[in-house]
There are 2 protein chains.
Amino acid sequence: MPENHSPKSTASVLISEVGPRDGLQSVQATMPTEHKRAWIDALVAAGIKEIEVASFVPARLLPQMADAAEVVRHALSHPGVCVMALVPNLKGAEAALRSGVHKLTMPVSASEAHSLANVRKTREQMIEEVRAIARMRNELAPHVKVEAGISTAFGCTLQGQVNEDDVIWLAEECVKAGADESGLSDTTGMANPAQVKRLFTRLRASLGEQAGAAHMHNTRGLGLANCLAAYEVGVRTFDASLGGLGGCPYAPGASGNVVTEDLVFMFEAMGVETGIDLERLFAARQPLSAGLPKEPLYGMTPEAGLPKGWQSTHKRQQVRQA
Amino acid sequence: MPENHSPKSTASVLISEVGPRDGLQSVQATMPTEHKRAWIDALVAAGIKEIEVASFVPARLLPQMADAAEVVRHALSHPGVCVMALVPNLKGAEAALRSGVHKLTMPVSASEAHSLANVRKTREQMIEEVRAIARMRNELAPHVKVEAGISTAFGCTLQGQVNEDDVIWLAEECVKAGADESGLSDTTGMANPAQVKRLFTRLRASLGEQAGAAHMHNTRGLGLANCLAAYEVGVRTFDASLGGLGGCPYAPGASGNVVTEDLVFMFEAMGVETGIDLERLFAARQPLSAGLPKEPLYGMTPEAGLPKGWQSTHKRQQVRQA
């Protein structure tokens, strides 16, 4: 391979797969537990190192997540994988901590309107919830990480624009309240690359290593461009969903997580290591489809296939070192 | 609108609509001439300033383009619009020049295998064709611009990787042979943002203002990310196709031009002026569908609609100046 086609890998990123939580939570059907297990196994086999496997919420509200503790237990059987769960409140956090997860993620909305619609709390009340969760974590399981994901950080379908100062303020307050990190979510698919760069630059200037993941949506087709923009200002953790499953059910008109397959292809093609084998990642669509036979799967790269002469960054490095 | 949501517009881009040529050439059906006219009118009404309206090729090979001269004549009735046509060879160039177009574009493939498959000529033979066309232009219509679009610049489905030195060499040779500008095309959807930045940086370093457009495909979902990458290294002209119509019929597996609607949304959302009204652009899908009723149209932004509180850069500037 000529040198100009195999740039030296100078960086790596962490792809955080959110499908088993964000994806499954957004569809009507409930995936049977054994299918969830098989899907998680396939994701791990492809090299995924962090998975948001469940949401700890009342089963009457989200029957799709009734088996959360069982799914966490199975995911924990894979060594080296960070097992995450979403918790909307202290009660969910307690159940999640007792299940043995490595990391909690809590959605905190920068839009007051979205916060009230999503969790029926103001932003200030959510900061207090983060504080209570962090305190409980310190008591029950001090090794567990707590992440606050600032949702509607780039705009809100209910209130329209969201003030950028508010977003940074909220992320800072969550970290002050005890969150280990705070990332930004484009819950409604309204972000653009210039805005992504501005906000993540400010977030990183303010929080340093406590600045968290970019969670982008592909609602208007800009998902990968926004991930690229975030990468260019130093973000190294990206949420994505296999087959693009999911979105936020409480944000009208929003749809479409970034497709893991396309995101991994983009980074690997750029020479940025993901540690993920794309062919195995495509294979992980099979257990997803088997467990949700009526759900359409998205993704351009699985459709088009890998380009002629494709090599992952890992294989390229092996060739170079041989 | 708070200042941090309305960045001062410091740049503008030219969106070159290729649907009436590239799109229509790639589908089986032939759009009737009156529908082509209505579609072009709708594109102009939306603010499109450059349109590739036809391809001058033998009607027996591409019956979709049999009315090329008539379509050019109609497009020329719109003042202020640059009317382009694709020509594969000297004979096509003569017909195009006699039709009165403002600009010719000629595909010159960086992949020898693709060049032979597409136009049955070697790359060196194509450079000579560019020279002959430029000479004819000088005689018949010296005000007409000639562009050489380097196709398969980022990879080839037939030969795999394409040497980056070859791409730059070919673009330079085309300009030496008399082309006014030379752009780069991701004919096969194999480009990635890092490669796009490398190649356009080299192209611009070598050709300066004679470095031409970025023609990206969305085959693996990276179309907008690649346009963003090109923009970031100074490219200001972007090819796109309404509804994502088209691709290259001679490159197996290739599909999907960048969707004009999504590209314009990305730039306008970033505060980069396109001069295009998105609502009117969405409306231009209607005459396209009317003329090609069986063809699926792509585009995430038309599906999702514009975000709440949306204002184009033009409207934002009017507000600021008022």
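## Close-ups of a predicted two-chain model

**Figure 1. Two copies and the axis between them.** Give chain A a turn of 180° and a shift of 0.0 Å along the axis, and it can be laid on chain B with an RMSD of 0.0 Å. The two copies are thus related as by a two-fold rotation axis. To find that axis from chain A, look for A:Ala225: its C-alpha is the nearest one in the chain, 2.0 Å from the axis. Both copies use the same surface for their meeting, as 100% of the contact residues of chain A recur in chain B. Keep in mind throughout that this is a predicted model.

**Figure 2. Chain A on its own.** Here the view takes in a chain with 14 helices and eight strands. The radius of gyration of chain A is 19 Å, close to the 20 Å that the globule rule gives for 322 residues, so chain A is as compact as a globular protein of that length. Draw a box along the principal axes, and the C-alpha atoms of chain A fill roughly 55 × 45 × 40 Å. How much of chain A is made up of buried residues? They come to 56% of its 322 residues. The chain also brings together stretches that sit well apart in sequence: of the contacts in chain A with a separation of 6 or more, 75% are between residues 24 or more positions apart.

**Figure 3. Where chain A meets chain B.** This close-up is about the contact, which takes 40 residues from chain A and 40 residues from chain B. Four helices of chain A each supply at least two residues to the side that touches chain B: α8 (193-207), α9 (223-232), α10 (260-270) and α13 (300-304). Which of them gives the most? That would be α10(A), with five residues. Sort the residues on this side of chain A by character and you get 19 nonpolar, 17 polar and four charged.

**Figure 4. Two helices packed in chain B.** Two packed helices are described by the angle between their axes and the distance between the axes. In this view, helix α8 (residues 193-207) of chain B packs against helix α9 (residues 223-232) of chain B at an angle of about 35°, and the axes are 8 Å apart. The crossing of α8(B) and α9(B) is right-handed. On the α8(B) side, the contact is made by B:Pro193, B:Val196, B:Lys197 and B:Phe200. Facing them from α9(B) are B:Ala225, B:Asn226, B:Ala229, B:Ala230 and B:Glu232. Taken by character, the residues of this contact are six nonpolar, one polar and two charged.

**Figure 5. Two loop residues with a positive phi.** Most residues other than glycine have a negative phi. B:Arg120 has a positive one, near 55°. You'll find B:Arg120 in the loop between α5 (112-119) and α6 (123-140) of chain B. Is B:Arg120 buried or exposed? With 10 C-beta neighbours inside 10 Å, B:Arg120 counts as exposed. B:Thr152 has a positive phi too, near 50°, and its place is in the loop between β5 (145-151) and α7 (164-176) of chain B. B:Thr152, though, is buried, with 30 other C-beta atoms within 10 Å.

**Figure 6. B:Leu170 and its contacts.** Now look at helix α7 of chain B, where B:Leu170 is found. B:Leu170 has 26 other C-beta atoms within 10 Å, so it is buried, the cut-off being 20 or more. Which residues is B:Leu170 in contact with, leaving aside its neighbours within four places in sequence? They are B:Val108, B:Ala110, B:Arg123 and B:Ile150. For a sense of scale, B:Leu170 and B:His102 are 68 residues apart in sequence and 24 Å apart in space, C-alpha to C-alpha.

**Figure 7. Two exposed spots in loops of chain B.** B:Gln28 lies in the loop between α1 (19-26) and α2 (33-46) of chain B. B:Gln28 is exposed, with 10 other C-beta atoms within 10 Å. From B:Gln28 to B:Val167 is 31 Å in space, C-alpha to C-alpha, and 139 residues in sequence. The other spot is B:His143, in the loop between α6 and β5 of chain B. B:His143 has 6 other C-beta atoms within 10 Å and is exposed. B:His143 and B:Gly275 are 132 residues apart in sequence, with 25 Å between their C-alpha atoms.

Note on methods
Residues numbered from 1 in each chain as written. Chains lettered and ligands numbered in written order. Predicted model: local features only at pLDDT ≥ 70, side-chain atom pairs only at ≥ 80, totals over all residues. Least-squares fit on C-alpha atoms with pLDDT ≥ 70 in both. Contact = placed C-beta atoms within 7 Å. Rg over C-alpha atoms; globule rule 2.2 N^0.38 Å. Buried ≥ 20, exposed ≤ 12 C-beta atoms within 10 Å, placed from the backbone. Nonpolar A, V, L, I, M, F, W, Y, C, P; charged D, E, K, R; others polar. Axes fitted to C-alpha atoms, helices over the stretch in contact; angles between N-to-C directions. Left-handed = near helix turned anticlockwise from the far one by under 90°.
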